[in-house]
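Please open the model in a viewer and keep the sequence panel visible. The tour below proceeds by selection, and each stop states what is to be found there.

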Amino acid sequence: MTFKNGFKDGIAIGLGYLSVSFSFGILAVSSGLYWWQAVLISIVNLTSAGQVAGVGIMAAAGSAFEMAVSQLVINLRYSLMSISLSQKADKTLNTPARLLTATFITDEIFGVASGKDEAV
């Protein structure tokens, strides 16, 4: 897979994330957060479902334990996606590179990558 092919496949994902990002920002600010807090949440939490749930818990004055449990449950599916995609990974990809790559797996990336016939 070439960079050009990956970029082409990523355009639709990027455009989708653009609209989700604006929606999340509006939700976060309307829930009482500052704009920079919404940006910080987006930087450290890669899942939009986790971001939205986190803002809801913060707005309801939930505890750190509630936040941790909700994030664990919401994001557990990414472990399964990463394991699945690791079977398709190029054999030259070493373990540290696989772990780093697994960190950035999302639903959309999983969908595109799992539909490819060649190694990812």
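A salt bridge is taken here as a side-chain nitrogen of Lys or Arg within 4 Å of a carboxyl oxygen of Asp or Glu. The model is predicted, so local features need pLDDT of at least 70 and side-chain atom pairs count only at pLDDT 80 or more, while totals for chains, interfaces and linings use all residues. Residues are numbered from 1 along each chain as its sequence is written, and side-chain values use heavy atoms, with hydrogens and water left out.

**The whole chain**

Begin with the full chain in cartoon representation. Seven helices and zero strands are present, giving the pattern α-α-α-α-α-α-α along the sequence. Helices (H or I, at least four residues) and strands (E, at least two) are DSSP runs, numbered from the N terminus. Along the principal axes, the C-alpha atoms fill a box of roughly 45 × 30 × 20 Å.

Next, colour by accessibility. Of the 120 residues in the chain, 21% are buried; buried means under 20% relative accessible area, exposed over 50%, and partly exposed in between, with a 1.4 Å probe and protein chains only. The chain exposes about 8100 Å², of which carbon and sulfur atoms supply 71%. Accessible areas come from the Shrake-Rupley method with a 1.4 Å probe, and for residues only the protein chains shown count as cover. Among contacts (heavy atoms within 4.5 Å) between residues at least 6 apart in sequence, 62% join residues at least 24 apart.

**The salt bridges**

Side chains of opposite charge can pair when their charged atoms come close. How many salt bridges does a search of the whole structure find? It finds two.

Select D107 and R77, whose closest N and O atoms are 2.9 Å apart in a salt bridge. D107 lies in helix α7 and R77 in helix α5 (residues 77-86), so the pair ties together parts that are 30 residues apart in sequence. D107 is partly exposed at 32% relative accessible area, and R77 is partly exposed at 28%.

Then select K116 and D9, which form a salt bridge with closest N and O atoms 2.8 Å apart. This pair links distant parts of the chain, 107 residues apart: K116 is in the segment after α7 (107-114), and D9 is in helix α1 (residues 3-30). Is each partner buried or exposed? K116 counts as partly exposed at 22% relative accessibility, whereas D9 counts as buried at 18%.

**Around S82 and A102**

Move to S82 in helix α5, a residue that counts as buried at 15% relative accessibility. Which residues does S82 touch, not counting those up to four places away in sequence? They are A102 and I105. A polar atom of the S82 side chain lies 3.4 Å from the backbone oxygen of A102.

A102 itself is found in helix α6 (residues 95-103) and is partly exposed at 27% relative accessibility. Measure from its C-alpha to that of Y78: the two residues are 24 apart in sequence and 8.2 Å apart in space.

**The nonpolar cores**

Display F24, A28, L33, A38, I41 and V55 as spheres; these six residues form the largest nonpolar core. Such a core is a set of buried Ala, Val, Leu, Ile, Met, Phe, Trp, Tyr and Cys residues joined through side-chain atoms within 4.5 Å. The elements giving two or more residues to this core are α1 and α2. Leaving aside neighbours within four places in sequence, F24 is in contact with A38, I41, S42, Q51, V52 and V55. Another core, of five residues, lies apart from the one around F24 and includes Y78, L85, I105 and A113.

**The surface patch**

Now show the surface and select V29, Y34, W35, W36, V39, L40, I43 and V44, a nonpolar patch with about 910 Å² of accessible area together. Patches are made of residues with over 30% relative accessible area and no salt bridge; like charges are joined within 9 Å, and nonpolar side chains (Val, Leu, Ile, Met, Phe, Trp, Tyr) within 5 Å. The largest share, six residues, comes from helix α2 (residues 35-44). L40 lies in that helix and is partly exposed, at 46% relative accessible area.

**The loop at N45**

Finish at N45, in the loop between α2 and α3 (48-59). N45 is buried, with a relative accessible area of 14%. Beyond residues up to four places away in sequence, N45 touches G50, Q51 and Q71. Its side chain makes a polar contact with the side chain of T47 at 3.1 Å. A polar contact is a pair of N or O atoms within 3.5 Å; within protein, one must be able to donate a hydrogen and the other to accept it, and residues adjacent in sequence count only if both atoms are side-chain atoms.
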